[in-house]
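Trainee: Could you take me closely through one part of this model, beginning with a charged residue and how its surroundings are arranged? I'd enjoy one connected story rather than a list.

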Amino acid sequence: ASSIIQKIRSQSSGTGQLPSGTTSIAVKFQRAFEGSPLDDVIVLGTSMGGRATLSLQVKRTFTFGDNELFYEVMAQCWETYKNAESQDRFGVAIATTTSRFEQAGRNVLAWARQSANFTDFFRRIETKKLASDGMRTFLKVIRDGLDSSAGVAVDNEVVWKFLRHFV
């Protein structure tokens with residue numbers, strides 16, 4: 001846990017970050033009793049744009065896809081998303097990852113944050129030779145998790161907004 005906190009506080013890539021220009025002011029652990037769905041690590045921050053919260057589940061290993069743990073974490077992320085402020089981030093911090101899938105996921109999340117709107121984002125993702133098959137696979141896996149968590153098929157705008165918060 002200390003290495004994850006160190007990465008978050010230093011804003012190094014790969015673990016999940018508060019938005020650029022945000023200073024972490026407090027770190028909390030195990031906050032389910034306060035109603036935090038993602039409760040392993042919560043980093044509170046502040047910036048010129050206001051407050052920001054980074055909420056993470058920490059897992060030694062984690063597989064994105066059709067498995068019980070994935071759906072459990074996606075449900076926690078969905079609950080967190082429903083109450084997220086504009087600068088909040090949430091997700092899963094993973095000690096051991098699959099580098100190819102992880103890189104595709106990072107690219108999808110970066111593109112979601114860099115896209116002006118959901119139409120732009122999905123047009124880029126769907127363009128062959130611009131986005132990789134790995135990126136499209138990552139997006140499908142996340143969408144399946146969101147559909148399961150929401151109990152209905154979520155639309156493209158909601159997926160895009162969710163991804164802008166997801167780390």
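Mentor: Happily! Helices and strands here are DSSP runs, numbered from the N terminus, with at least four residues for a helix and at least two for a strand. Keep in mind that this is a predicted model.

Let's start with aspartate 40, which sits in the loop between strand E1 (23-29) and strand E2 (41-47). Aspartate 40 is buried, yet it has no salt bridge. The nearest side chain of opposite charge belongs to lysine 59, at 4.7 Å. A salt bridge requires a side-chain nitrogen of Lys or Arg within 4 Å of a carboxyl oxygen of Asp or Glu, so lysine 59 at 4.7 Å does not qualify as a partner. What surrounds aspartate 40 instead? Beyond its neighbours within four places in sequence, aspartate 40 is in contact with Lys28, Phe29, Gln30, Leu56, Gln57 and Val58.

Two of those contacts deserve a closer look. Glutamine 30 lies in the loop between E1 and E2, and its phi is positive, at about 50 degrees, although it is not a glycine. Most residues other than glycine have a negative phi, which is a good reason to look at this backbone angle yourself. Glutamine 30 is partly exposed, with a relative accessible area of 49%.

Lysine 28 brings us to charge pairing. Side chains of opposite charge can pair when their charged atoms come close. Lysine 28 makes a salt bridge with glutamate 34, and the closest N and O atoms are 3.9 Å apart. Lysine 28 is partly exposed at 28% relative accessible area, and glutamate 34 also counts as partly exposed, at 42%. The pair belongs to a wider arrangement, with Lys28, Arg31 and Glu34 linked in a network of salt bridges. So aspartate 40, which has no salt bridge, is in contact with Lys28, a residue whose salt-bridge network is made with others.

How many salt bridges does a search of the whole structure find? The answer is nine. Among them is the pairing of glutamate 79 with lysine 82, where the closest N and O atoms are 3.0 Å apart. Both residues lie in helix H2 (residues 68-82), three residues apart, about one turn of the helix. The general rule helps here: an α-helix has 3.6 residues a turn, so residues three or four places apart point the same way. Glutamate 79 is partly exposed at 34% relative accessibility, as is lysine 82 at 47%. Helix H6 offers another example, since the side chains of lysine 161 and glutamate 157 meet in a salt bridge at 3.4 Å, N to O. Those two are four residues apart in H6, again about one turn. Lysine 161 is partly exposed at 36% and glutamate 157 at 33%.

H6 also leads us to helix H3, because H6 (156-165) is among the elements that cover the buried residues of H3, together with helix H4 (118-126) and helix H5 (133-150). Which residues of H3 are buried? They are Ala104, Gly105, Val108, Leu109, Trp111 and Ala112. Seen down the axis of H3, these buried residues fall within an arc of 160 degrees, so they line one face of the helix. On the other side of H3, Ser99 and Gln114 are exposed. As a geometry check, the 16 residues of H3 (residues 99-114) should span 22 Å at 1.5 Å a residue, and its end C-alpha atoms are 22 Å apart, which agrees.

The loops beside H4 complete the picture. Serine 115 lies in the loop between H3 and H4 and is buried, at 3% relative accessibility. Its side chain makes a polar contact of 3.5 Å with that of aspartate 120. Serine 115 and arginine 164 are 49 residues apart in sequence but 9.3 Å apart in space, C-alpha to C-alpha. In the loop between H4 and H5 we find serine 132, partly exposed at 35%. A polar atom of the serine 132 side chain lies 3.0 Å from the backbone nitrogen of methionine 135. Serine 132 also takes us back to H3's alanine 104: the two are 28 residues apart in sequence and 7.6 Å apart in space, C-alpha to C-alpha.

Notes:
Residues numbered from 1 in each chain as written. Predicted model: local features only at pLDDT ≥ 70, side-chain atom pairs only at ≥ 80, totals over all residues. Heavy atoms only, no water. Expected span 1.5 Å × (residues − 1). Buried < 20%, exposed > 50% of the residue type's maximum accessible area, 1.4 Å probe, protein only. Arc of directions from axis to C-beta. Contact = heavy atoms within 4.5 Å. Lys, Arg positive; Asp, Glu negative; His and termini not counted. Polar contact = N/O pair within 3.5 Å; in protein donor to acceptor, adjacent residues only side chain to side chain.
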